[in-house]
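Here is a structure that a newcomer may wish to question term by term. The turns below ask how each description is justified.

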Amino acid sequence: AALKGGLRFQVSAALKEGHVTPTELCQRCLSLIKSTKFLNAYITVAEETALKQAEESEKRYRRGQPLGVLDGIPIAVKDNFNTAGIETTCASNMLKGYISPYNATVVQKLLDQGAVLLGKTNLDEFAMGSGSTDGVFGPVRNPWSYSRQYKEKSVPKSHSEDEESNWVITGGSSGGSAAAVSSFTCFAALGSDTGGSTRNPAAHCGVVGLKPTYGLISRHGLIPLVNSMDVPGILTRCVDDAAVVLGSLAGHDPKDSTTIQDNFKPFELPNLTDVSKLSIGIPKEYHAPGLSSEILALWSKAADLFKNAGAKVVEVSLPHTRYSIVCYHVLCTAEVASNMARFDGLEYGHRSDMNKSTESMYAATRREGFNDVVRGRILSGNYFLLKQNYENYFIKAQKVRRLIANDFVKVFGSGVDILLTPTTLSDAVPYMEFIKEDNRTRSAQDDILTQAANMAGLPAINVPTGLSERGLPVGLQFIGRSFQEKQLLTVAKWFEKQVKFPMIQLEVKRHDHGAFQHQKSAFFS
Amino acid sequence: WVPVVGLEIHAQISSNSKLFSGSQVQFAAAPNSLVSFFDASLPGTLPVLNRRCVEAAVMTGLALNCSINKRSLFDRKHYFYADLPAGYQITQQRVPIAVNGSLSYSICIDNKMSQMVTKTVRIKQIQLEQDSGKSLHDDTRNQTLVDLNRAGVGLMEVVMEPDMCCGEEAAAAVRELQLILQTLGSSQAVMAEGQLRVDANISVHHPGEHYGVRTEVKNINSLRFLAKAVDYEIQRQIEELENGGTILNETRAFDSKLGCTVPMRDKEGKQDYRFMPEPNLPPLILYDAKSLPANMNHQQVVNVDWIHERLPDLPSVKRAKLVERYGILPEHGFTLLNEDGLTEFFENVVKQTQMKPKKVIGWILNDLLSYLKQHSLTVKESPVSSFLLADLLNLLEKKEISSTAAKQVLAELWKGEGKTPFEIVKEKKLELIQDQKELEQICQAVIDGQENEVMAIKAGNQKVLNKLIGLVQRETQGRSNPALVKQLLEKKLSE
């Protein structure tokens with residue numbers, strides 16, 4: 001029971017009091033990773049180094065000198081963060097076998113706090129996608145596919161069908177990290193968020209997904225997708241835990257010139273009881289085409305929740321929301337074309353055997369190393385950056401981006417504290433259905449609710465809210481003011497308390513026993 | 001025909017570390033030993049701007065009378081090449097750090113140092129950008145070897161408007177820029193070490209008509225070759241057009257062996273560099289005394305006024321001061337500054353001798369400098385130190401030796417055998433005869449022996465007197481003071 005979910009109050013306390021040791025904790029997580037291997041959440045499991053880290057942590061606890069709340073806590077990191085000595089692949093052939101010589105700043109910070117790095121999680125190749133289905137290591141499966149809640153609600157279409165073909169996606173691109181947290185194999189995970197890549201899978205997997213303000217957390221060591229929008233994302237099982245992780249990561253990094261210089265003070269989240277001074281904005285444009293009636297109803301219910309508790313709930317308008325997809329498409333592909341130019345096979349990563357000339361080597365390497373999603377974006381991006389197109393596409397998109405950002409400035413300037421929106425258009429779809437449309441179409445559809453926050457650099461968080469009719473998680477999103485993470489998380493925490501999202505009842509079949517692993521799930525419930 | 005020449009000069013910034021990373025800047029280090037993760041373009045690395053490089057660019061901008069842009073931006077310039085690991089160069093294309101300056105330089109008319117003319121070339125802009133690595137093509141093994149030591153070193157690109165008209169002007173302008181950079185210390189600007197690279201843009205047109213199609217000439221690594229390349233290209237274009245041909249807007253390389261420009265078959269077609277703002281670097285903001293925020297961390301701020309106050313004397317100012325202080329001619333000042341270390345040498349000699357600077361300069365420029373040039377030595381390598389030369393000039397000034405004798409002594413000193421001027425004079429018996437009686441005797445002897453000449457002089461032909469003086473000199477083996485000899489002879493002849 002102590003290991004239910006919380007870092008802040010439960011696991012940390014348990015470690016401190018010696019109810020459980022870091023090594024035990026680490027071993028259990030490693031064991032669970034093995035038995036949930038079919039989820040394909042992890043690309044690399046760093047068993048040896050994790051156990052070593054756990055040992056070191058244990059020594060510190062025995063001396064009564066833990067480094068902090070995170071000491072001994074098993075975590076996972078999305079495989080687009082550099083980890084020294086541990087393979088970093090970005091789920092791409094281009095970086096298969098690439099062992100980085102340095103740690104990303106956020107990874108280093110977690111390790112410095114004593115966290116135990118279990119492994120690198122799966123993603124869409126180079127974080128391009130909204131399903132975590134387009135990486136070279138295969139798709140990630142949503143743990144809720146194997147939950148009692150989902151199984152009870154699913155009606156098998158025929159006898160031959162079993163859960164193998166019915167499993168649903170995690171969303172993306174940080175699907176591996178979301179699945180890892182959701183299936184209890186770690187207590188917190190790092191993702192990245194460029195257009196919703198942390199919040200989207202968080203919603204589908206029923207976990208908390210935080211996108212911090214751009215410039216708050218260092219991107220040094222995060223392999224970039226869109227430098228002007230990327231942020232490291234935090235995935236945890238409750239809002240308090242997200243605040244703890246945020247506290248250990250935020251702050252100026254001299255290695256990242258886009259981080260702000262101001263001193264960051266880690267905060268403890270107050271237990272908000274009185275929301276009467278709060279003004280919640282409901283942006284009408286987020287009632288987007290394709291929004292499921294279920295989610296619409298849940299969103300409405302949430303608004304009422306605030307209203308009934310005494311908060312001011314107002315409808316607001318962010319008129320340029322509908323342009324964000326195309327705007328994002330231009331700016332994202334342009335930066336991708338630029339960022340991917342370094343992958344030429346010369347210094348690191350995959351190098352083709354083609355050696356007739358340097359140019360032919362480049363071409364073959366990049367064709368072999370990148371999947372068609374990446375190549376497609378590079379081609380688009382280069383097109384938009386051509387001299388004759390630059391003004392009409394790139395500059396135009398930057399102007400539109402400014403308009404989108406200004407929408408938020410106006411709304412927050414009019415007295416609204418927090419915006420409440422859906423995170424996704426629907427609950428997680430089955431993989432077989434998801435792949436019927438291509439990556440670009442899917443991304444365009446799914447990102448609509450999350451993208452604008454990246455355009456404007458604002459903090460946003462997904463809070464698991466309820467289960468859909470199919471027994472799958474649905475989350476709602478809160479968007480806050482720049483650098484007002486404390487307020488954002490305080491409100492999120494209040495909301496989390498109100499909705500009491502159910503715990504996943506994970507049923508993991510162990511092939512050698514052929515029976516349900518009740519013991520494991522009971523341990524965590 | 002009106003030739004039009006513009007220049008793009010890349011000067012390597014003299015700094016300890018590179019423009020955006022902490023790896024060292026050093027010439028001729030072991031290959032790939034000065035490469036940081038960022039320089040190698042490892043994924044996830046980010047640029048961090050080097051403050052010293054910014055200061056160097058500001059100093060240079062101020063010295064070239066530019067407006068310093070208090071807000072400038074960084075951009076990515078994309079192309080694929082083995083020595084460009086990231087696939088793009090970080091440069092300043094939209095808003096560079098300095099614009100609209102000027103550079104004054106001097107050239108001699110008809111190669112006469114005494115006729116110097118001052119010219120001005122406009123500086124379009126100065127931008128900060130990354131240098132690339134080096135690639136060496138090994139054709140026998142069909143390989144390209146890449147050394148990234150130079151990748152990421154800071155460069156200042158100085159763009160000179162097409163205000164020049166020939167090789168001489170181009171070389172003189174670059175020389176002056178070189179001196180300025182070296183005086184500021186912002187670049188060591190040694191062309192032979194690749195710290196200063198020049199690309200020339202050349203075209204020709206008829207007076208009154210539009211500018212012609214221009215070619216770009218690259219691969220010029222000395223001032224001499226610059227002048228040659230520019231002049232050759234101008235000639236080539238004129239000949240081509242006069243024969244009814246056309247000039248292609250192409251890039252050519254200078255072949256120093258053949259002394260001509262040849263087309264570079266390197267890049268096919270025109271490149272679209274797909275410029276894009278560098279998203280990892282915020283705008284570069286510079287401050288001055290007025291705009292400096294009160295509580296800002298001194299380390300994080302570059303104050304243009306502070307730099308301005310601390311600029312050293314530029315070459316043009318130094319020359320003017322030398323002329324004023326020592327009474328030498330402007331062209332003397334020019335030559336003094338043109339040779340590394342010569343000004344210092346000159347001033348040291350002046351300090352240690354009673355001889356007037358106006359006279360000392362002759363010895364420095366005519367004698368010492370020609371020796372150095374003959375033996376291809378720099379001033380620092382001179383076997384004759386300023387101390388020795390001053391010593392020698394003192395002997396001359398005290399009239400202990402004649403100037404002819406002094407030249408002989410200098411030749412001996414040049415051998416660098418460690419003898420002092422005094423020792424050499426004694427050894428070779430070069431002292432001037434001080435005994436007037438002895439001199440009178442010799443003069444008398446000469447007069448007695450040259451009846452015809454004496455008659456000619458008495459008849460009014462004064463020029464013949466020089467012959468007699470010469471004979472006395474020969475008799476005395478150069479040890480007589482010509483002025484004194486002349487006096488004595490005249491006296492005797494008038495008796």
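Q: In this predicted model, why are strand β2 and strand β4 of chain A said to pair?
A: Two strands count as paired if at least two bridges are found between them; β2 (residues 74-78) and β4 (residues 188-193) of chain A have three bridges, in the parallel sense, and therefore they pair. Within this pairing, A:V77 stands opposite A:L190 of β4(A).

Q: What makes β1 and β8 of chain A the edge strands?
A: The open sheet of chain A runs in the order β1-β3-β2-β4-β6-β5-β10-β11-β9-β7-β8, with mixed pairing, and β1 (42-45) and β8 (312-316) each pair on one side only.

Q: How do you know that helix α9 of chain A packs on the sheet?
A: Contact requires heavy atoms within 4.5 Å, and helix α9 (residues 239-249) touches β4, β5 (208-211) and β6 (231-236) of chain A, while its direction makes about 145° with that of β6(A). Helix α18 (residues 485-499) of chain A also packs on the sheet, where its direction makes about 5° with that of β10(A).

Q: What makes up the interface of chain A and chain B, if the rule finds zero salt bridges across it?
A: Across this interface the rule finds 18 residue pairs in polar contact, and 42 residues of chain A are in contact with 31 residues of chain B. The two chains bury about 2,800 Å² between them, 56% of it on carbon and sulfur atoms. In chain A, the residues that lose the most area to chain B are A:S257, A:S338 and A:R342, together 20% of what that side buries.

How values were computed
Residues are numbered from 1 along each chain as its sequence is written. Chains are lettered from A and ligands numbered from 1 in the order in which they are written. This is a predicted model: local features need pLDDT of at least 70, side-chain atom pairs count only at pLDDT 80 or more; totals for chains, interfaces and linings use all residues. Side-chain values use heavy atoms; hydrogens and water are left out. Helices (H or I, at least four residues) and strands (E, at least two) are DSSP runs, numbered from the N terminus. Axes are lines fitted to C-alpha atoms, for helices over the stretch in contact, and angles run from 0 to 180 degrees between N-to-C directions. Buried area is the accessible area (1.4 Å probe) that two parts lose on being put together, summed over both. A polar contact is a pair of N or O atoms within 3.5 Å; within protein, one must be able to donate a hydrogen and the other to accept it, and residues adjacent in sequence count only if both atoms are side-chain atoms.
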